[in-house]
Amino acid sequence: MSLSCNPVDLADFQNGIVAGVWLGTTPQRSSGDSGLRQMGKLIPARIWTQLTCRTWLLVPFVICVVLGSSITRTLNRQFADDVAYVEWAQQQSSGSVTVKEAEAEDQEGKQGISGAKSGCKGKKPSPLQAFTTSSGATGSKTPSIYPEPVLGAALPLTFHPQDANILVIGNNRLAATRTLTFLESDASVVIASSQPLSAANDELQYRVEQGQAKFSQFDADTPQQWTKFLSDNDITLICITDTMIGSSRRPESSALAISRAASSLHIPINVSDQPTLSTYTFPAVHRFKGVDGPSHLQVAVSTNGHGCRLSGRIKREIVSKLPPNVGAAVDNIGKLRIRAKSKDKLSDDDNETPLNSPVFQLDTPSLLRQASYKLENPVDDDEQLRRMRWVHQMSEYYSFEQLARMTDDDLLKALDTWKDDGALPHHENGTSDDTRVPIKKGRISLIGSGPGHPSLLTVAALHSLKNATLILSDKLVPSEILALIPPTTKLHIAKKFPGNNEGAQNEMMVQALEGARAGHDVVRLKQGDPFVYGRGGEEVLYFRENGYESTVIPGISSALAGPLMMGIPVTQRGVAESMIMCTGVGRMGKSVQLPGFLKSRTTCILMGVARIGSIVTVLTGDDQPGRDGAAYPSYLPIAIIERASSPDQRVILSTLANIEDALKSVEERPPGMMIVGWAAMCLEGKGRVDILDTQEEVVEAEISEEWLQGQRWKMREGLEGIWGEFMKTVEGVQSVSQV
């Protein structure tokens, strides 16, 4: 509130001339006196004061006292309003936060109380506005562990309107297209138009004549009439098609009436070419071919009304990048789901449980006698959980082509576990010195496929893949590597799913042995290097016991290549003088003994990302029996590297204290590895290669905080463009070899 007064001329006072102050209804000298008139209740209605040179200071003093009192009360009321609003905003922010009440007239960029109030005049502020205002008012700079909502996105949902009544308003070509879309989703379609059916599009007439849709000649001008029509026909969704630019375009007032009727009944509505009246939009959709007819796979692209034509082009680009049989892969996974879910307790919609979380281990002794041991049989619930986890892993690790090619017989065997149907020849007499040697017809090679990118295969490995007649691959070998295998070569992927490691390992060794005896050139294809947590040694001994000396072709180990792909050196002068490699998962899923902390050493942990919580506890906790040596400081940097050298590779950088929360904030991308130590951050930005020169923990903690730039974690993902050029080189070599 502001007051404006005209000051009395000081010269008039000095000369003893009469000065006047009019209050109440006294004639005014100027418009500036209007503020003083408001004080008429405190001073008599008409006052005429004559001042001399000796008394001229009295009246200004009285005026100042009265005006000051009034201004103070007004400011107090305004301050009270501000305080009340802040308290209300804090209460709203402590509850559930929604984002659905921001209106177009809200001013952007306003902060604090004044901005929030200016955006909320005449309406209740949204809870999200209150949340933002409260956070700004408190001045908190603590980073949130939860992502902040970014407004303006559409809500992409798949709607299943089976037998629901959907209203299509219009009789043009677009109405026919929308009708077909709704019919394919098993909805009951009602077509409404102000004109008779004979004037409708030919396809619409056909749908009605065939009984696929109903027709009603109806039109109205008021929301009340439309509300009654919608209620009488039990409509659940509305699509208006006759608002497009054309000769018979529906008036905007009519579309507005329908929109208001839909809003009153909480019915979603789409109005063509009227995005402000629409509560949903149609994306550009492609439905893939399946095993028998259309697949259950659909790809939808939406630009939220900002480029319908462009969304169609983007959709085509996406579809062209996927294999044509990807729909069949989805259908086969659906069949596996049905087979795996023998009970209704489990769902494959679980996105919270890590893909490689431990499950009950199956009772499968190893074929290699030195490593044999038995487990208890699992109960039914454990068996079901195991099967569903297998389906999840097949969805993640198997190539689209492999899933699409699965026959009904393959689907029946996919979830079966390996069973030892009898003793192998060298076990029949129960001795290890069986002198019977099978006829050598084929050969067996153990090949490391490297971290994942085809260009990182060795020449020897690529040659072996091209010339093998039977390839037995581990599940972690990426589809880009498997795509290099000629389509005529028999390929089998290991079922090394949770709880079935021993069974899958035995199955692969038996198949390799049988293949070699049948004269095949057998390749056991492994991720990384065969002897770096690849169980290659077991296979070498097993094949040797059965008369075959295998050839081992090394691969680039992900323990070294993974960090390098993300710009992380495992050793660095002034930072890390040594590295130690270990696994986060022991035999049969048990925990392992982890190394203690040494400042000048990088700890590389392969596997075990799904157990990050327990691993961090062992590393940082006091007197942990699972750790050999000193505890790791909680501020120590750690890098989680996922799918290294693949197009969607990602690294999550944080500290041991915050890495678990960081992983929970994103969708997992197995397989992954962990790099623990100062090497994880030493090449970030300008770099920091003097870590070993610091001695105080306080300084080290500040280095970690400075590295993260006030955040709790950072992420990088994707491959540089040059790797695409390397891929073209591999494809060129492949084409030449095929010729």
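Rings of Phe, Tyr and Trp, the last by its six-membered ring, count as a pair if their centres lie within 6.5 Å. By this rule the count comes to nine aromatic pairs in this predicted model. The rings of Trp226 and Phe229 make one edge-to-face pair, because their planes stand at 85° with the centres 5.8 Å apart.

## Aromatic pairs

A pair of aromatic rings is described by the distance of the centres and the angle of the planes. Planes over 60 degrees apart count as edge-to-face, and planes under 30 degrees apart as stacked. The rest are tilted.

Where do Trp226 and Phe229 sit in the chain? Both belong to helix 8 (residues 223–232). They are three residues apart, so about one helical turn separates them. Trp226 is buried, with a relative accessible area of 0%. Phe229 has 8% relative accessibility and so counts as buried.

A second pair has another geometry. The planes of Tyr635 and Trp678 meet at 40° and their ring centres are 6.2 Å apart, so this pair is tilted. It links distant parts of the chain, with the two positions 43 residues apart. Tyr635 lies in the loop between strand 16 (627–628) and strand 17 (637–642). Trp678 lies in the loop between strand 19 (672–676) and helix 22 (697–708). Are Tyr635 and Trp678 buried or exposed? Both are buried.

| Ring pair | Centre distance | Plane angle | Class |
|---|---|---|---|
| Trp226 and Phe229 | 5.8 Å | 85° | edge-to-face |
| Tyr635 and Trp678 | 6.2 Å | 40° | tilted |

Phe182, Tyr280 and Phe282 form one aromatic cluster. Phe282 also has a charged partner: Arg178 lies over the face of its ring, 3.8 Å from the ring centre.

## Helix packing

Two packed helices are described by the angle between their axes and the distance between the axes.

Helix 8, which holds the Trp226 and Phe229 pair, packs with helix 9 (residues 252–264). The axes come within 8 Å and cross at roughly 55°. The two helices are therefore oblique to each other. Their crossing is right-handed. Which residues of helix 8 meet helix 9? They are Pro223, Trp226, Thr227 and Leu230. On the side of helix 9, the partners are Ala257, Ile258, Arg260, Ala261, Ala262 and Ser264. Trp226 thus has two roles here: it pairs with Phe229, and it takes part in the contact with helix 9.

Helix 17 (residues 501–517) packs with helix 18 (residues 536–545) at an angle of about 40°, the axes being 11 Å apart. Helix 17 and helix 18 are therefore oblique to each other. This crossing, too, is right-handed. Helix 17 contributes Gln505, Met509, Val510, Ala512 and Leu513 to the contact. Helix 18 contributes Glu538, Glu539, Tyr542 and Phe543.

## Contacts across the sequence

Ala175 is found in helix 6 (residues 173–184). Its relative accessible area is 0%, so it is buried. Its C-alpha atom is 7.7 Å from that of Leu204, which is 29 residues away along the chain. Which residues does Ala175 contact, leaving aside neighbours within four places in sequence? They are Val168, Gly170, Leu204 and Thr241.

Ser600 sits in the loop between strand 14 (594–595) and strand 15 (601–606). At 15% relative accessibility it counts as buried, because the cut-off is under 20%. The C-alpha atoms of Ser600 and Ile691 are separated by 8.7 Å, though the residues are 91 apart along the chain. Beyond residues up to four places away in sequence, Ser600 touches Val575, Ala576, Glu577, Ser578 and Leu692.

## Backbone details

The peptide bond from Pro670 to Pro671 is cis, with omega near 0°. Pro671 lies in the loop between helix 21 (659–664) and strand 19.

Asp273 is not a glycine, yet has a positive phi of about 65°. It lies in the loop between strand 5 (269–271) and strand 6 (284–289). With 49% relative accessibility, Asp273 counts as partly exposed.

Tyr533 is likewise not a glycine and has a positive phi, of about 55°. Its place is the loop between strand 11 (521–526) and helix 18. Tyr533 is partly exposed, at a relative accessible area of 40%.

Notes: Residues are numbered from 1 along each chain as its sequence is written. This is a predicted model: local features need pLDDT of at least 70, side-chain atom pairs count only at pLDDT 80 or more; totals for chains, interfaces and linings use all residues. Side-chain values use heavy atoms; hydrogens and water are left out. Helices (H or I, at least four residues) and strands (E, at least two) are DSSP runs, numbered from the N terminus. Buried means under 20% relative accessible area, exposed over 50%, partly exposed in between (1.4 Å probe, protein chains only). A charge sits over a ring if NZ of Lys or CZ of Arg is within 6 Å of the ring centre and within 35 degrees of the ring normal. Contact means heavy atoms within 4.5 Å. Axes are lines fitted to C-alpha atoms, for helices over the stretch in contact, and angles run from 0 to 180 degrees between N-to-C directions. Angles under 35 degrees count as roughly parallel, over 145 as roughly antiparallel, 65 to 115 as roughly perpendicular and the rest as oblique. A crossing is left-handed if the near helix is turned anticlockwise from the far one by less than a right angle, and right-handed if clockwise.
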